[in-house]
Amino acid sequence: MKRLQDYVSAQAERRAEAPAIAWKGERLSYGALEQRANRLARLLAGLGAQRRDRIALLLPKSPLAITAMVGTLKADCAYTPVDLKNPAPRVAQILAALESRVLLACREAAPLVEQLVRENGLGPVRVAWLDGTPPPGLPAHASLADFEACSADSVASANRAGDVAHILFTSGSTGVPKGVLITHANVIAFVEWARAHFDIQPSDRCSGHSPLHFDLSTFDTYGSFAAGAELYPVPVELNLLPHKLAQFMRDAALTQWFSVPSALNHMAKAGVIGEHDFPSLRRLLWCGEAWHAAGLAHWMRRLPHVRFTNLYGPTEATIASSWYDVPGIPQDETKPVPIGRPCDGEELLVLDEALRPSAPGETGDLYIRGVGLSPGYWRDPAKTAAAFIPNPFSDDPDDRIYRTGDLARVSEGGEIVLVGRADTQIKSRGYRIELGEIEAVLHTLGTLEESAVVAVDSAGIDGLAIACGYATRAGVATEPADLRALLAARLPAYMLPSRWRRFDRLPLNANGKVDRKALKEIFAATEASGK
Amino acid sequence: MLERLERLQREIAIIFVERFDTRITSHDVDLLETGLVDSVKIVELVLELEQRFGVSLPFEELEIEDFRTVPRLAERIARTTPAAG
């Protein structure tokens with residue numbers, strides 16, 4: 001395949017009636033998906049979208065959103081799925097960075113669009129409301145009727161494998177989200193490896209657990225479409241109640257599950273997985289953060305018929321760069337599960353500070369090289385140059401390696417094992433959070449004398465809690481609830497600290513800087529005492 | 001009954017301030033859409049509700065809609081608590 005949309009077209013040509021997406025009791029066939037995506041591509045062209053434009057999708061996870069993704073690619077454009085739960089100022093930052101000519105929305109996004117218009121204005125962007133008549137009083141350049149009036153005939157796309165397919169925004173330490181560019185070729189390389197490695201078949205029923213603005217969802221969607229399998233997007237609210245999530249897996253008779261470990265831990269802790277549960281399930285894959293061996297063992301003991309695979313890789317290297325098929329139930333639950341070996345076309349390097357290979361067993365910085373590497377960050381050559389550096393083992397200036405920020409070592413068996421982070425990025429329920437981004441926003445509030453954010457171990461499902469220590473300005477009374485409300489207007493809910501502590505002065509180290517280690521210990525002591 | 005529901009609503013609002021440092025500004029606030037209740041907090045919230053109101057709320061008997069707003073949550077607890085409370 002040359003481009004991602006070709007996966008859908010190929011299935012529509014051969015197996016038009018085969019189900020592509022199952023959603024809340026309804027099914028969308030490959031033929032219907034292809035036709036709707038063609039309509040959407042024409043709608044975009046009619047609205048003035050041009051090749052290499054960025055289209056923002058203000059659509060909740062649904063067959064419509066997935067149709068919009070495929071249709072955007074057919075229109076030679078790249079898409080950015082926007083989390084509707086994000087506060088409006090953050091969405092405004094993303095829209096401004098993208099300079100989208102067209103925005104695809106639906107009724108659920110109306111309150112957000114209304115706030116965007118009220119606070120910043122939308123500028124020249126044209127808005128298409130894809131699920132009905134446009135909400136009154138908001139900019140509207142197309143409606144469902146216009147969408148349906150477009151021809152469903154096949155579209156002659158001009159895009160190429162090297163074009164950007166989507167831009168995914170992740171937490172940035174300076175307070176502005178970073179847009180990671182991902183090409184068709186990046187995704188296709190991983191999808192083709194996974195299809196062969198896991199033997200994904202048209203008879204498969206694949207989960208779509210991750211939100212569409214997460215890069216895990218890229219594999220859910222295109223991995224399933226490449227094989228002509230059936231995709232089961234998981235309604236997000238099911239995550240709240242583990243027995244509902246498990247029931248969804250059973251009812252759908254899923255054969256493939258892919259998610260962050262926290263969803264799996266949640267189900268394990270609630271005790272909702274029975275012996276030989278999910279009899280149709282063939283493989284369970286996880287990515288996004290480390291899964292502790294105890295949680296993994298809980299699942300493996302109950303599901304001896306399932307293959308368990310750890311996938312690892314940052315968004316910058318597209319979905320995953322390495323894999324580890326767990327050979328048996330972990331005996332030592334204190335040992336980390338390895339991230340394993342590189343996928344086809346990828347290389348994982350553990351290097352020391354001078355970019356020389358670390359000795360086996362020695363900890364070093366983990367770098368990735370290969371077919372999954374993103375071209376870089378959207379309109380940010382400085383950040384791109386800092387993270388994607390020339391390969392020190394090559395004379396080719398285009399040969400780059402990506403510095404993941406993860407620390408790793410190579411085990412005796414040749415498997416790579418993660419040992420921590422070189423910076424203050426954390427993973428919480430699969431969300432990648434730069435603690436520096438939270439601090440940057442706190443500093444702009446202007447109500448605090450000083451503040452610092454650290455991550456502490458907690459007994460909860462999450463494993464990590466975000467903790468904020470702060471000192472108020474003289475005479476300014478500031479309660480955690482006030483601070484939280486101010487932050488909530490700027491940051492998504494998963495980035496908000498859940499532990500707060502007021503100090504007269506924050507602890508300082510010998511250099512006169514905030515002593516994060518000491519701060520962390522203070523929070524850890526409170527955590528341990530259960531207060 | 002109405003008085004009891006109002007009291008439950010006030011107490012639930014207090015839980016949000018004390019446990020999650022969050023002031024719920026209106027009864028209409030959608031706790032799920034805003035992320036005020038998520039997969040992590042729901043566990044803590046249910047435990048706290050059970051302790052504070054002396055009720056039993058087994059996960060498998062809960063519905064997602066029970067957590068949509070503070071009034072819905074109050075109604076759910078009211079159905080569980082002995083009416084004499």
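The face of H2(B) turned away from its buried side carries two exposed residues, Leu47(B) and Gln51(B). A residue is exposed if 12 or fewer other C-beta atoms lie within 10 Å of its own, buried if 20 or more do, and partly exposed in between, with C-beta atoms placed from the backbone. The model is predicted: local features need pLDDT of at least 70, side-chain atom pairs count only at pLDDT 80 or more, and totals for chains, interfaces and linings use all residues. Residues are numbered from 1 along each chain as its sequence is written, while chains are lettered from A and ligands numbered from 1 in the order in which they are written.

Helix H2 of chain B covers residues 41-53 (helices are DSSP runs of H or I, at least four residues, numbered from the N terminus). Its 13 residues should span 18 Å at 1.5 Å a residue, and its end C-alpha atoms are 18 Å apart, which agrees. The expected span is 1.5 Å times one less than the number of residues. Lys41(B), Ile42(B), Leu45(B) and Leu49(B) are buried in H2(B). Seen down the axis, these buried residues fall within an arc of 90°, so they line one face of the helix. The arc is that of the directions from the helix axis to the C-beta atoms. An α-helix has 3.6 residues a turn, so residues three or four places apart point the same way. The buried residues of H2(B) pack against helix H1 (2-20) and helix H3 (70-80) of chain B. Contact requires C-beta atoms, placed from the backbone, within 7 Å. Just after H2(B), Gly54(B) takes a positive phi of about 60°.

H1(B) has 19 residues. From first C-alpha to last it reaches 26 Å, close to the 27 Å expected. Leu8(B), Ile12(B), Ile15(B), Phe16(B) and Phe20(B) are buried in this helix. Their arc lies within 100° seen down the axis of H1(B), so they line one face. On the other side, Glu3(B), Glu6(B), Arg10(B), Ile14(B) and Glu18(B) are exposed. The buried residues of H1(B) pack against H2 and H3 of chain B. Asp21(B), just after H1(B), takes a positive phi of about 50°.

Chain B also touches chain A. The contact takes 18 residues from chain B and 21 residues from chain A. The chain B side has 9 nonpolar, 4 polar and 5 charged residues. Here Ala, Val, Leu, Ile, Met, Phe, Trp, Tyr, Cys and Pro count as nonpolar, Asp, Glu, Lys and Arg as charged, and the others, Gly among them, as polar.

How values were computed: Contact = placed C-beta atoms within 7 Å.
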